[in-house]
Amino acid sequence: RIPQLSAEGAALFRIVFGAALVASFMWIPVASGGVPAGPLPPDTPWLTRIAGHVFVSSPQLADVITPWLLVSGALLAGCGQPHAGLEAGAADGSVDASPREGPDTAAEAAPEASALPDASVPPEASTIEVELLAHLRFVEAMRVGSGAVIVAERIEDAAGESRMIRRVDTLTGELTVVTSDVQDNVIGMTLPAGHVVWAEYHVPCGSCPSSTSIRTVPLAGGIVDEIATLDVAPCALEHVAGWLWLVLGGVELRRISLETGAQDVLLPDVECPLASTDTQLFLIRDSGLATYDVASGTSTDLGVTQGGISFASRIADGFWYWSTGNTSSSIHRVALAGGSPEVVAQGALFPIEFEARTHLFWLEQGVGSCDGRIVRAGLDGSGAQTLAKACWPYAIGSDGQHVYYLENLGTNHSALRRAPL
């Protein structure tokens, strides 16, 4: 519980903290000139990578940080009266900061049918059972296939750092090593028939530049083959019609033959994310939504802007879904047949990661170590329900029967859980 605190103590804390905040940003100002060029190294912590992606994509945002924090710090320092609600709670011990069991009180009231789900009010609890499928090492990349979830894991111990790719049986949870021949950061993965293909990012070392290897191995195990080497790291990859399709550094769309390794640059000014069907790619180009026909090589602009920096993209039930966010996040959709886009979910804690099948499923990281949650809703965003609370959920996928997601439970520990669709 929050300890008792006098009004004078609270006011003194605000004055000291606010003054220190103002002083620190006057001494070391933050501006767009200090934002590094992308992409960020793949071993960047996931939360830092999310924030970093925002500023790398739009460096000018950094120019508002210093004045905003100077004003905030000055207001904090000048505010001598502590928050009435906090003081009242602290005085009688009624504010409880410890984790709570069960659904929040606000979650018990069903949202109005006309309202969008809002992350500030937890959705009602679901009766759908979530089960633990496997305990894993830290998972750098995950793909859900037929009968198995494939994970690229990083192991850190006294001997150093190592990696492997494992297969998790979706029926039994049994773990099988596919290969231990993984040398560096796995930043993307896809599953062509009977194989796993991944992008392995090699961090610069002294005089050697960064590079990315595209590698593959049969799912049954065997020798790892290197398909191609890239000088720019991909931020998305999919496989369609015997080709590997990649968005490189948010700059261009490229394809690589899975048989020969031959490469073709197809379109400039392409950004992540990337979604696909058997015949089309769905991508962001010049900040707008566009399709790419893999047979004809024709790109079509849909005349729809993405509405912010995009992180994930899915195709389901005749709609294209995508998530955007910076200070707040939303899930949007537009009909593949044409029409106006609509927001189906929004809120301050809403996802960068989601899945769309018979329902929408999204991950909310929360603001603390274990106050995230997994939410299920209709494809139009209606009827949102909390499936489970979670500790830093960060990846999600589906095989058409279940939805699978990862929780980061600390160094060397991820949990793979699932729920029925």
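Is arginine 417 buried, partly exposed or exposed, and what is its relative accessible area? In this predicted model, arginine 417 is partly exposed, with a relative accessible area of 21%. A side chain counts as buried under 20% relative accessible area and as exposed over 50%, so arginine 417, at 21%, falls in between.

**The sheet around strands 28 and 29**

Arginine 417 lies in strand 29, which spans residues 414-420. Strand 29 belongs to an open sheet of four strands with the order 2-29-28-27 and antiparallel pairing. Two strands form the edges of this sheet, namely strand 2 (131-136) and strand 27 (393-398), and each of them pairs on one side only. From one strand to the next, the twist averages 20°.

Strand 27 pairs with strand 28, residues 402-408, in the antiparallel sense, and five bridges connect the two. Opposite glycine 397 stands tyrosine 404, in strand 28.

**Salt bridges**

Side chains of opposite charge can pair when their charged atoms come close. The model contains 16 salt bridges. Three of the pairs are listed below with the distance between nitrogen and oxygen.

| Acidic residue | Basic residue | N to O distance |
|---|---|---|
| Glutamate 407 | Arginine 417 | 2.4 Å |
| Glutamate 161 | Arginine 163 | 2.9 Å |
| Aspartate 181 | Arginine 215 | 3.3 Å |

The bridge between glutamate 407 and arginine 417 has its closest N and O atoms 2.4 Å apart. Glutamate 407 lies in strand 28 and arginine 417 in strand 29, so the pair ties together parts that are 10 residues apart in sequence. Glutamate 407 has a relative accessible area of 4% and is therefore buried, whereas its partner arginine 417 is partly exposed.

The salt bridge between aspartate 181 and arginine 215 has its closest N and O atoms 3.3 Å apart. This pair links distant parts of the chain: aspartate 181 is in strand 6 (residues 175-182) and arginine 215 is in strand 9 (residues 211-218), 34 residues apart. Here the acidic residue, aspartate 181, is partly exposed at 31% relative accessible area, while arginine 215 counts as buried at 6%.

Arginine 163 meets glutamate 161 in a salt bridge of 2.9 Å, N to O. With a relative accessibility of 5%, arginine 163 counts as buried.

**A network of shared partners**

Which residues are joined into one network by salt bridges that share partners? The network consists of Glu140, Arg154, Glu156, Glu161 and Arg163.

Conventions:
Residues numbered from 1 in each chain as written. Predicted model: local features only at pLDDT ≥ 70, side-chain atom pairs only at ≥ 80, totals over all residues. Heavy atoms only, no water. Pairing = 2+ DSSP bridges. Axes fitted to C-alpha atoms, helices over the stretch in contact; angles between N-to-C directions. Salt bridge = Lys/Arg side-chain N within 4 Å of Asp/Glu carboxyl O. Buried < 20%, exposed > 50% of the residue type's maximum accessible area, 1.4 Å probe, protein only.
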